[in-house]
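Colleague: I would be grateful for a close look at a single part of this model. Please treat one element in detail and add what is needed on confidence.

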Amino acid sequence: MNTVPAARNTALPARRSRGGWRRALALVTLTLVIASCASGRPISGALIASQDSAPGAAEHTIYIATTRARDDSKGTYFSGERIEPDENGAGIDFASATVSVPPGHEPGKIEWPRKAPGDPAKDFVTRSAGYIDNAEAFQAALTEALAGRTGEARDVVVFVHGFNTLFAEGVYRMAQTVNDTGFKGVPVLFTWASRGNLLDYVYDNNSATAARDALERTLRIASASGAGKVHVLAHSMGNWVTLEALRQAEIAGRGTFGGKLGQVVLASPDIDVDVFKTQVRRLDGAKSDIALLVSADDRALNLSSRIAGNKPRLGSYIKDKEIAALGVTVVDLTAVKTSDSLRHGKYAELPGLAQLIGNRLAAGDRLAVSQAGFSDRVGQFGTSLGGFVGATAGIVITTPAMVLGAPAALLGNR
């Protein structure tokens with residue numbers, strides 16, 4: 001009499017189990033792919049300051065806002081654990097670091113030292129680093145850094161990293177991005193509490209969500225510091241916290257941050273497409289200045305979509321006209337070749353991309369253009385951009401017809 005119910009009881013969990021195993025298998029596959037393709041990670045104590053310098057090395061000072069808890073281990077500064085939120089819901093801390101990029105640096109790469117503090121002639125090295133006491137002191141530091149600057153040098157760019165990123169990785173990636181793009185303004189790294197562990201995807205996602213108030217606060221501080229424009233560059237899971245922060249700022253009636261919000265570049269977003277649509281429809285003030293970088297061959301996001309119930313992730317979604325209809329600019333990088341086996345970090349290897357986007361829109365081209373048309377007509381923006389396009393053939397840009405004003409370039413000329 002009890003055998004039939006028993007059989008039913010075991011069959012139901014089995015069905016659920018098969019779906020769970022598929023997702024677990026996809027996660028394991030993603031872990032193995034990423035691990036096998038890793039191009040290096042920071043050594044212990046990667047941020048130990050070097051007293052040595054090298055001829056031809058370039059130094060960049062990075063201002064840092066973070067939701068990470070402090071870690072006073074030598075050369076570490078911050079861990080992957082979260083700060084407890086304060087009474088305003090935004091647990092946040094501040095720091096700064098000056099990073100030296102070696103003279104023989106290869107664009108798109110980070111030359112990690114094999115032993116701390118590294119050789120400035122060959123490696124990325126930290127020249128100095130330290131905590132900043134509070135938000136007021138952080139704003140004062142930005143104001144001082146911006147003092148006396150004019151034009152694009154008065155701009156601030158805020159970089160928001162993605163999943164599986166240690167603190168030192170975020171700092172060095174910010175330095176690499178600033179160096180390779182030739183950005184002349186003041187760089188700010190917003191680093192949320194990622195543990196830098198492939199098996200902590202859910203923890204990282206929750207950490208990114210918990211950081212949205214702190215990111216909005218960082219953008220307000222940057223906007224009040226004397227900046228001309230405050231641009232945002234987000235990568236992968238960092239796009240989730242970025243869009244959440246912009247959305248809640250819009251709902252609160254301060255979506256343009258006093259008119260200071262500039263270009264927002266969303267690189268390889270690890271976001272559900274439907275969720276993105278609900279987020280961006282709220283962004284009345286910022287919508288026309290959003291540039292979305294997608295690539296159908298992004299292996300990391302294709303695996304992420306399997307974990308998410310086979311729902312497409314925004315960064316590998318190539319129905320560009322559908323997304324452009326929401327009022328954003330779409331840049332399809334599928335045809336662009338990269339040394340990144342995952343094809344998830346193409347933005348880091350394309351130092352001219354942001355200049356290209358900004359100049360293209362500033363020229364008044366509001367319509368989708370073919371690859372040939374784009375290459376033929378981009379020469380008017382200068383030989384450097386023409387050379388860039390020649391090196392990255394296959395880029396297609398679709399711009400929304402409703403864009404009325406020319407947005408500021410993230411890292412380019414105005």
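What covers the buried residues of H6?

Modeller: The model is predicted, and the answer is best built up from the helix itself. Helix H6 comprises residues 238–251. At 1.5 Å a residue, its 14 residues should span 20 Å, and the end C-alpha atoms are 20 Å apart, so the two values agree. H6 is mostly covered, with eleven of its 14 residues buried. The buried residues begin with the run Gly238, Asn239, Trp240, Val241, Thr242, Leu243, Glu244, Ala245 and Leu246, and also include Ala249 and Glu250. Their cover includes three strands, E6 (156–160), E8 (230–235) and E9 (261–267), together with the helices H4, H5 (212–223) and H7 (273–280). After H6 comes Gly253, which has a positive phi, near 85°.

One of the covering elements, H4 (201–210), is joined to strand E7 (186–191) by a loop that holds Asp200. Asp200 has a relative accessible area of 17% and is therefore buried, the cut-off being under 20%. Beyond its neighbours within four places in sequence, Asp200 is in contact with Phe163 and Arg195.

As to confidence, the protein chain has a mean pLDDT of 74, and 63% of its residues reach 70 or more. Residues 1–39 have pLDDT below 50, and this stretch has 22 contacts in the model beyond near neighbours in sequence. The pLDDT is also under 50 over residues 399–414, for which the model has 53 contacts beyond four places in sequence. Where pLDDT is low, the predicted coordinates should not be read in detail.

Key. Residues numbered from 1 in each chain as written. Predicted model: local features only at pLDDT ≥ 70, side-chain atom pairs only at ≥ 80, totals over all residues. Heavy atoms only, no water. pLDDT = per-residue confidence, 0-100. Contact = heavy atoms within 4.5 Å. Helix = DSSP H or I, 4+ residues; strand = E, 2+ residues; numbered from the N terminus. Buried < 20%, exposed > 50% of the residue type's maximum accessible area, 1.4 Å probe, protein only. Expected span 1.5 Å × (residues − 1).
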